[in-house]
Structures are given as structure tokens and as C-alpha cells.
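Let's take a walk through one part of this structure together. Have a look at the sequence and the 3D view first, and then we can go through it step by step.

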Amino acid sequence: MIEEIQFYEPNEDYGYLSNFADSPIQLSEVIWPTSEHYYQAQKFTDHSVQQKILNASTPDEAFQLSRKYDHLVKSDWMDVRHSVMRYIVFEKFRQNTHFTHLLVSTGDKLLTEHSHKDSYWGDGGDGKGQNELGKILMEVRDYFAQQEPFNYVHFVDSAKLPTQWGTFRMYGFVEHATGKEHLALVYGNLNGGEPALIRLHSECLTGDALFSARCDCGFQLSRAMENIVNAGHGVLFYLRQEGRGIGLINKIRAYHLQDNGADTVEANEALGFAADMRDYSFCKGMLSFLNIESVKLMTNNPKKVKALEKAGIHISKRVPLQEGNNPHNHGYLKTKASKLGHIFDNTFIE
Ligand SMILES: Nc1nc2c(ncn2[C@@H]2O[C@H](COP(=O)(O)OP(=O)(O)OP(=O)(O)O)[C@@H](O)[C@H]2O)c(=O)[nH]1
Ligand SMILES: [Zn+2]
């Protein structure tokens, strides 16, 4: 495992850590294009110089301008520059939360600005520099790693997932509280402005992978993915909540009780579990990572709607997902309606 992350150019790996990364920061009425613009402008008391730097078209130009006016740098700059840098790096991550998720996902790795030109903010290229910018970034990371929604999950990696309907981008997250590995299958562009069509799909190995007809999960999973592709954009969150949170082996024990006449709620309770053990709060971390605030939610389960609303997500619409009714799961569906509050059209389960 890499223990050190070296960064420098904004367009390279981990470029978001650079002060040159495109990350608008609003301070009172002013929007600074990057933390570099702000940092360079603070060297001067002359307002016209500050304006020129603010309006620089690139962080590089902002840097060059501060060199051009070097003779006007305020006398106490060397005393205050470190606190200016810490302030603006904190604000950059406070206001650009996707970067914050990425920063937190670096875990406890050493962050080093690998700069041949700067042995104060960087490592001097030979590793002997002070790396003060890296130290600030690690401080900021430790702070946000304790804050919601960054403390729920951390992003690890993503990859293409071609399917029969279309190619999704699969994002892998690890839930801090349980260590469980959850997925977000993203399709299309989520930044189009309209609410994303999403599904919170609880893992059901028997239904999702073993073609079980005793529940509706597998039928719902395929339909949900097809709906997302047809909609042009959306996310299927695949949540490791097997057995409504009791796990696969306990679900088999519950099925065994159901084979002997118990219903899906009675079976859970006979095993000492609540009817539904799932908690969706960690989804807040994945939704925030993807910058999702308003959704159309494919579900028949009002509890999921409430869970997302509690997480501060706006549900613009609940989209029913009534699939796979068959003689083997008819009783199960009726119990979900009568005991777990699921909403089905009469035509679906009568
Ligand atoms: N304990 C238990 N879990 C079950 C049973 N049947 C399916 N599951 C699990 O229930 C979860 C799916 O939940 P459902 O209640 O079917 O549907 P839902 O996800 O709450 O609601 P929808 O979003 O409308 O699908 C999966 O984790 C399944 O493994 C059962 O009889 N007992
Ligand atoms: Zn199932």
C-alpha cells in the first residue's frame, strides 16, 4: 500500500490537493477561482494589485503577478503567510466537498507537495523541504474526517462496469462504522441539474445473483438498472444490507421458519431480530461524494423515502418499482404491504 502521496500539478493524480486546482472559494462577496489566487493576493495591501491577482485568468498568472509586484509585498508577510495558507486551504475544502471526500479518502497517508522549487511549502524535490502545505492538508483532512458527511464512508476507487443495458461507473466505498463495502453504480452525467433517478438496493444474494423467485429483489435490480439507462442518468446504490440487515445465513434461518409457516416479519422476530434492521444514514456520505441533493427514488418502501429525507436529500418523486410478483413471493409481498408498510398497486399483488 502506498504510504506517501506526492502531488504537484493540478492536472496530475491527486491534483485536487494543489493550490492551482480549480476550486472556487467564496469569501463574503468575492469568489476566488483558486486558493492560489487568494494566497498571492494577501501579500499586498494595495487594492489594485489584489484586484489584478483576483482577476488573473489562471493560478499561474496570479503567481506571476505577485512576482511582478514583489517590491510591494507587505512587511509582515513572512509572519502571517502560514496562517493565511491554513485559512484558505481549509475554506477550499469546506466549500468544495467532492475534494473533501477525496482528501478524507487518503486516510492517514503522508501528503507531500513534491516541488523542486519550494522547500518551505513543498519538499524541495529532494524530500528535505518542510512540506508545510502537506502538513496543512493533513491537518485539514483530520478535521473533516470527523465531520458529517465525510465520517460515514470513504471512497476507495472506481472502474467501468459494462452491463447488458449500458456501461456504468462503479464507485467503491468503505463504511467506517461496519467496514462494509458498498457500491454506487453511476450512469450518465449527474450534473445536468434535474433530480437523479436512483435506487437504494439492499443486497439480496439469493434474489440478485441466484435467481430466487421467493422475493422481488432480483427482478427489481434489473428493472432499476434498465430504468436508469433509459432515463439517461442515475445511480444504483448497492448496499451490503443482506437480509434486511441480518446477513445471509440468518436470512436462510428465517426462510426455514417461513417454509414452516412464519411470515417474513414473524421469522425475523423469532430469531431475535427486528423486522427490519437496516440503517441508511451512511448513504449520506455516498450521495454527498456524488454531489446529489435531489432525487427521484425507485422504491415501494416509504421507510427509504423517510431515511433519505432525514439525511437531507430532497425526494422530488417516489417512483414505484413493482416487479417479479409470482406464486413463490406472493405471500411475502402481501406481508411487506400489510406489516412493513410497502406501497403496491392493488393490481400488482391481488
Ligand atoms: N430477513 C429477511 N430478509 C429478506 C427476506 N426477503 C428478502 N429479504 C431481504 O430484504 C432486502 C430487500 O428488502 P425488501 O423489503 O424486499 O424491499 P426494500 O428494499 O425494503 O424496498 P424496495 O425499495 O421497494 O425494494 C434484501 O436485503 C433481502 O435480502 C426475508 O424473508 N427475510
Ligand atoms: Zn430478495
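**The zinc site and its cysteines**

A good place to start is Cys204, which sits in the loop between β8 and α7. Keep in mind that this is a predicted model. Setting aside neighbours within four places in sequence, Cys204 makes contact with Ala209, Cys215, Cys217, Tyr238, Glu242 and Lys251. Two of those names, Cys215 and Cys217, come back when we turn to the metal: the zinc ion (ligand 2) is coordinated by the SG atoms of Cys204, Cys215 and Cys217, at 2.1 to 2.2 Å. Along the chain, these donors follow the spacing C-x10-C-x1-C. The pair Cys204 and Cys215 links distant parts of the chain, 11 residues apart, with Cys215 in the loop between α7 (205–208) and α8 (217–231).

Now for the third donor. Cys217 belongs to helix α8, and beyond its neighbours within four places in sequence it touches His201, Cys204 and Asp208.

Are these cysteines buried or exposed? Cys204 has a relative accessibility of 4%, so it counts as buried. Cys215, at 2%, is buried too, and Cys217 is buried with a relative accessible area of 11%.

With cysteines meeting in one place, you may wonder how many disulfides a search of the whole structure finds. The answer is zero.

Finally, the database record: an unreviewed UniProt entry lists Cys204, Cys215 and Cys217 under "binding site". From this set, Cys204, Cys215 and Cys217 are part of the lining of the largest cavity.

Conventions:
Residues are numbered from 1 along each chain as its sequence is written. Chains are lettered from A and ligands numbered from 1 in the order in which they are written. This is a predicted model: local features need pLDDT of at least 70, side-chain atom pairs count only at pLDDT 80 or more; totals for chains, interfaces and linings use all residues. Side-chain values use heavy atoms; hydrogens and water are left out. Donors are N, O and S atoms within 2.8 Å of the metal (3.2 Å for Na, K and Ca); water is not among the atoms, so sites may look incomplete. Helices (H or I, at least four residues) and strands (E, at least two) are DSSP runs, numbered from the N terminus. Buried means under 20% relative accessible area, exposed over 50%, partly exposed in between (1.4 Å probe, protein chains only). A disulfide is a pair of cysteine sulfur atoms within 2.5 Å. UniProt positions are given in the numbering used here, feature names are shortened, and annotations may be inferred rather than shown by experiment. On a 1 Å grid over the protein atoms alone, a cavity is a set of points where a 1.4 Å probe fits but cannot get out, and a pocket is an open set with protein on both sides within 12 Å along at least five of seven lines; lining residues have an atom within 4 Å of a point. Contact means heavy atoms within 4.5 Å.
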